[in-house]
Structures are given as structure tokens and as C-alpha cells.
Amino acid sequence: MQVLLFLLAAVGLCWGQYNPNTLPKRTSIVHLFEWRWQDIALECERYLAPNGFGGVQVSPPNENIVITNPNRPWWERYQPISYKLCTRSGNEEEFRDMVTRCNNVGVHIYVDAVVNHMCGAGGGSGTHSTCGSHFNAGNRDFPAVPYSGWDFNDGKCHSGSGDIENYGDIYQVTAPGKFSNISFFFFWHVLLSLQ
């Protein structure tokens, strides 16, 4: 019985490559990292759809901290403080427009969603974020979500302090329970609100 279940699981996993979740005869997707939502919509209409592309992966669309030293690095997009849809790529209205326009020409949007953590304590506090929401990273206070210190599992990292000390150590950056117990409720809310 276990062998049969294993074989069924293996066949199911292998079959996934034949269903890329794109329109028929469109299997290639591109990653337009850091592009503005308006520019992606135009690219879908002018180039991607006419040339048979099936999808676009976009940068994280949620509000993040603004980092000025170094000046606006690419990785600031991975330092969220809320799930409001506004970044340097555009606002929620522009994001919706991009999704609609790309879908209308048969190009799907794949979001690089950051759901397993918030910005680090080194982010400080204030309103220096892409939407201007207030946060206090040191206290783990993100009222725009809302999250507080109660929503995090700190101290469970495989290090001396219980926090990440070495981002090059795979066991510290992938430690189970290190990041917040964020439910996917917000993710479904975002998906449903885009319908």
C-alpha cells in the first residue's frame, strides 16, 4: 500500500510540469523585477502577449521600509511593514490595472509574496515606508497589519542569542518558527479583493 501511495505521489508531482498554469502553448514566464506596474502592463500588451509569453513574476507589491543607506537597495522590498499594496513600483490602483491588462491579453501575474516575516529590528521606527504607515520594528509593532510582539516566535533561531547572527548560515535563516506565525488570511483577502 505504501509503495502504491508513493508511486501515485511521484506521478502527481511529475505531472505538475505539464500544467504550468498558463494559457495553451504559452509556457514561458519572465521576471520583471523592480519594474513599475504601469510599465509591466504596457510590456504585457506590446511585447509579452504578442510573443507568446504566459506570465510575469513581479516584485513584492506590499508596503516596505524605505532604506536610505545604502540608497534604496533591491532587498528593501523584502522588509515589509504591512500588506498594503504600495511600493516604488506603484500603488494598489496601478497594481489592479496591471493585473487586469495583463490577464486581458493572456499573460498571468505571479507575485513574489513576502508572507513569512516583517522587517528586522534594525529598521527602527517611524513612518519611513513606501505608504507612510507607522511601525516600530524594535518592539515588533506593525499596527497597519496589525501585528504586535505577541505574533512572533523570537528566540528560536539556532544561534547563541536566538536571533539571526549570520545570514550566511542556512540553519539560522531557515530556522522553523523564527519568523512570525502569519496566517494566509491576508493573502486570500488580497486575492479576493483583486477579483
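Tutor: Buried means under 20% relative accessible area, exposed over 50%, and partly exposed in between. Keep in mind that this is a predicted model.

Student: Is Cys44 buried or exposed?

Tutor: The cut-off for buried is under 20%. Cys44 has a relative accessible area of 0%. Therefore Cys44 is buried.

Student: Which cysteine forms a disulfide with Cys44?

Tutor: A search of the whole structure finds two disulfides. In the one that holds Cys44, the sulfur atoms are 2.1 Å apart. The S-S bond has 90° about it, and the link is right-handed. The partner of Cys44 is Cys102.

Student: How many residues apart in sequence are the parts that Cys44 and Cys102 tie together?

Tutor: Cys44 lies in helix α2, and Cys102 lies in helix α3. Cys102 counts as buried, at 0% relative accessibility. The disulfide therefore ties together parts whose separation in sequence is 58 residues.

Student: How far apart are the sulfur atoms of Cys86 and Cys131?

Tutor: This pair also forms a disulfide. Its link is left-handed, with -125° about the S-S bond. Cys86 lies in the loop between β2 and α3, and Cys131 in the loop between β4 (125-126) and β5. The sulfur atoms of Cys86 and Cys131 are separated by 1.2 Å.

Student: Is Cys131 buried or partly exposed?

Tutor: Buried needs a value under 20%. Cys86 meets that at 13% relative accessibility. Cys131 has a relative accessible area of 31%, so Cys131 is partly exposed.

Student: Which helix gives the most to the largest nonpolar core?

Tutor: This core has 17 residues, and Ile40, Val56, Val58 and Met98 have the most contacts inside it. At least two residues each come from α2 (37-48), β2 (55-58) and α3 (92-104). The top contribution, five residues, comes from α2.

Student: How many residues are in the other core, the one with Ile81?

Tutor: That core lies apart from the largest one. Its members include Ile81, Cys119, Ala137 and Phe152. Cys119 counts as buried, at 7% relative accessibility. The number of residues in this core is eleven.

Student: What arc do the buried residues of α2 cover around the axis?

Tutor: The buried residues of α2 are Trp37, Ile40, Ala41, Cys44 and Leu48. They are on the same side of α2, because they cover an arc of only 110°.

Student: What span does α2 have between its end C-alpha atoms?

Tutor: A straight helix of twelve residues would span 16 Å at 1.5 Å a residue. Helix α2 falls short of that, with a span of only 14 Å.

Student: Which residue does a cis peptide bond join to Pro146?

Tutor: Most peptide bonds are trans. Pro146 lies in the loop between β5 (135-136) and α4. Omega is about 0° for the cis bond, and the residue joined to Pro146 is Val145.

Student: What value is phi of Glu34 near?

Tutor: Most residues other than glycine have a negative phi. Glu34 lies in the loop between β1 and α2. Glu34 has a positive phi, near 70°.

Student: How far apart in space are Ile170 and His158?

Tutor: Ile170 lies in helix α4 (residues 170-173). Ile170 is exposed, with a relative accessible area of 53%. In sequence, Ile170 and His158 are twelve residues apart. From C-alpha to C-alpha, the distance between Ile170 and His158 is 9.8 Å.

Technical notes
Residues numbered from 1 in each chain as written. Predicted model: local features only at pLDDT ≥ 70, side-chain atom pairs only at ≥ 80, totals over all residues. Heavy atoms only, no water. Core = buried A, V, L, I, M, F, W, Y, C linked by side-chain atoms within 4.5 Å. Buried < 20%, exposed > 50% of the residue type's maximum accessible area, 1.4 Å probe, protein only. Helix = DSSP H or I, 4+ residues; strand = E, 2+ residues; numbered from the N terminus. Expected span 1.5 Å × (residues − 1). Arc of directions from axis to C-beta. Disulfide = S-S within 2.5 Å.
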